[in-house]
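The following exercises are intended for a reader who meets this structure for the first time. Each task is followed by a solution in steps.

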Amino acid sequence: MMQNMEKTADKTIITVVGKDTVGIIAKVCTYLAQNEINVLDISQTIVQGYFNMMMIADMSGSKKPFGECLKDLECLGEEIGVSIKCQREEIFQKMHRI
Amino acid sequence: MINIWEVKETNEMIEQENLDVRTITLGISLLDCIDDNLEKLNQNIYNKITTTAKDLAAVGEEIEREYAIPIVNKRISVTPIALVGGAACHTPEDFAVIAQTMDAAAKSVGVNLIGGYSALVSKGMTKADELLIRSIPIALCSTERVCSSVNLASSKTGINMDAVRLMGEVLLEVAERSKDRDSVDCMKLVVFCNAPDDNPFMAGAFHGVTEADAVINIGVSGPGVVKTALEKVRGESFEVLCETIKKTAFKVTRVGQLVAQEASRMLGIPFGIIDLSLAPTPAVGDSVADILCEIGLEYAGAPGTTAALALLNDQVKKGGVMASSYVGGLSGAFIPVSEDQGMIDSVQAKAITLEKLEAMTCVCSVGLDMIAIPGNTSAATISGMIADEMALGMVNQKTTAARLIPVIGKDVGDTVEFGGLFGYAPIMPVNTFSCEDFIRRKGRIPAPIHSFKN
């Protein structure tokens with residue numbers, strides 16, 4: 001049963017929110033590249049002075065399981081001083097698409 | 001493809017507006033555990049629960065992590081114990097042993113509450129039903145996580161007034177036994193009219209006899225999300241108001257549907273229903289009363305409250321129904337007093353009375369919920385309040401319930417603290433005129449004329 005949880009990752013949404021600084025995207029992308037996670041789409045915007053970025057990533061080829069990437073990215077976020085979240089895409093699909 | 005604004009909206013709901021899945025409740029049938037030897041029966045029950053639910057907590061946490069959606073409670077409901085224990089239990093104490101087994105099983109699998117210490121007596125009580133009801137004070141006061149419910153009435157059968165009378169006495173005894181803790185054990189006891197078989201919410205959850213061997217039921221929540229959405233349409237027409245509630249309820253319920261499907265897949269247990277309820281917590285911004293205020297009331301309880309709640313309840317259902325493949329349970333808006341900061345504020349401002357709450361229960365999904373009343377209230381008066389609530393459910397063909405907390409040693413003006421998600425409550429005044437002679441009558445109230453639909 002537990003193996004099921006680590007099934008092919010499909011699409012994952014990575015969001016970065018925080019104060020804008022140099023190299024946020026670079027650092028996140030470097031981590032993803034090192035772990036063979038393919039970025040499918042990136043969009044970003046500034047809302048009320050805060051940097052908001054969303055990446056759609058394909059984790060099916062990832063070297064590490066989902067849970068581990070999630071923790072790594074959280075730590076990376078702390079280093080840069082932003083909040084990084086990693087969520088399966090289905091929660092957004094379900095909520096915003098019929 | 002999903003865009004950044006949609007992602008932002010969802011995450012704001014979770015992070016700022018308290019969107020969560022209130023409970024994953026695993027319903028487990030204990031009918032195959034029945035044995036006339038009490039020890040064997042307890043062993044069977046313990047084994048069945050701990051085997052079926054062994055991965056429940058872990059799966060809940062896994063889903064939380066993957067979608068970053070909080071799942072507040074993982075719970076278990078079982079077949080009404082009066083049915084399971086009938087052959088083996090000959091005294092109330094025998095039944096209480098089963099409650100202790102349930103408690104131990106719940107602790108072992110890491111769920112915070114287990115429901116189903118229940119009897120279904122809407123028309124009559126068997127010997128076992130009566131023993132179980134009489135054992136409730138011992139059971140609730142000797143366990144931590146066991147919840148008890150009794151179905152006293154239904155639209156098809158009428159109201160079992162003998163059981164209503166008995167429950168008034170039982171509730172007071174529960175209060176008395178836990179009086180050193182503000183009668184807090186009463187919180188784990190609820191009585192119903194038309195109790196649903198698939199309710200995921202405590203204290204009323206039990207696994208109905210019409211259900212499969214095991215089933216996953218989900219309760220979603222999100223009063224804060226509805227409130228925030230309504231802030232953006234202040235002063236608009238009822239059409240805009242209703243559309244906004246519907247759309248928001250749809251989004252909230254979709255999250256529940258996703259969690260239900262995932263939990264069902266991971267546990268290998270079929271998905272039962274989603275309960276479309278707005279369940280408040282004492283956290284600021286997680287209140288149903290605040291939604292009523294946002295609709296345009298100074299306080300919940302002001303004139304117009306019943307209409308506003310009727311509107312809210314109906315739109316939540318209309319929005320949620322399309323979002324889920326199976327809807328069930330109680331579905332609607334909960335109006336507990338102690339678990340809702342806005343409701344507590346209303347009581348303290350004297351904007352709401354017990355009688356107004358009773359009127360509100362005609363149009364919402366549950367009933368008189370988490371209401372602290374003076375400890376010197378008589379058993380007959382409590383039974384009278386229960387009978388009123390049962391009558392509302394019976395005639396309106398809906399579920400109603402009563403979860404009253406007579407706080408021994410406290411009176412109007414005092415406050416009781418229940419802790420955590422259960423919040424705190426000011427003691428509400430109860431009408432002190434007597435209904436003694438009414439409650440003393442034996443037998444049952446017949447089913448209403450419009451129940452004859454065959």
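**Exercise 1.** Which residues point one way from β6(B), which point the other way, and are they buried or exposed?

*Solution.* The model is predicted, and local features need pLDDT of at least 70, side-chain atom pairs count only at pLDDT 80 or more, while totals for chains, interfaces and linings use all residues. Residues are numbered from 1 along each chain as its sequence is written, and chains are lettered from A and ligands numbered from 1 in the order in which they are written.

Step 1. Begin with the terms. Helices (H or I, at least four residues) and strands (E, at least two) are DSSP runs numbered from the N terminus. A residue is buried if 20 or more other C-beta atoms lie within 10 Å of its own, exposed if 12 or fewer, and partly exposed in between, with C-beta atoms placed from the backbone.

Step 2. Sort the residues by direction. L189(B), V191(B) and C193(B) point one way from β6(B), V190(B) and F192(B) point the other way, and all are buried. In a regular strand the side chains alternate between the two faces of the sheet.

Step 3. Draw the conclusion. Because 5 of the 5 residues of β6(B), residues 189-193, are buried, this strand is largely enclosed by the rest of the structure.

**Exercise 2.** Identify the strands that pair with β6(B), and give the bridge partners of V191(B).

*Solution.* Step 1. Two strands pair if DSSP finds at least two bridges between them.

Step 2. Strand β4 of chain B (residues 146-154) pairs with β6(B) in the parallel sense over 5 bridges. Here V191(B) is the bridge partner of V150(B).

Step 3. Strand β12 of chain B (residues 400-407) runs antiparallel to β6(B), and 3 bridges join them. In β12(B), A402(B) is the bridge partner of V191(B).

**Exercise 3.** Describe how the two domains of chain B meet.

*Solution.* Step 1. The domain assignment, whose bounds come from an automatic or database source, gives domain 1 (23-193) and domain 2 (219-444) in chain B. Taken over C-alpha atoms, the centres of domain 1 and domain 2 of chain B are separated by 22 Å.

Step 2. Count the contact, in which two residues take part if their C-beta atoms, placed from the backbone, lie within 7 Å. Domain 1 of chain B gives 41 residues and domain 2 of chain B gives 42 residues.

Step 3. On the side of domain 1 of chain B that touches domain 2, the elements giving two or more residues include α3 (56-67), β4 and β6 of chain B. The largest share of that side, 11 residues, comes from α7(B).

**Exercise 4.** Locate two residues other than glycine with positive phi, and state how buried or exposed each is.

*Solution.* Step 1. E36(A) has phi near 60° and sits in the loop between α2 (24-34) and β2 (38-47) of chain A. E36(A) counts as partly exposed, because it has 13 C-beta neighbours inside 10 Å.

Step 2. S331(B) has phi near 45° and lies in the loop between α11 (305-321) and β10 (332-333) of chain B. With 24 C-beta neighbours inside 10 Å, S331(B) therefore counts as buried.

**Exercise 5.** Give the secondary structure of chain A.

*Solution.* Chain A contains 4 helices and 4 strands. Along the sequence, their pattern is α-β-α-β-β-α-β-α.
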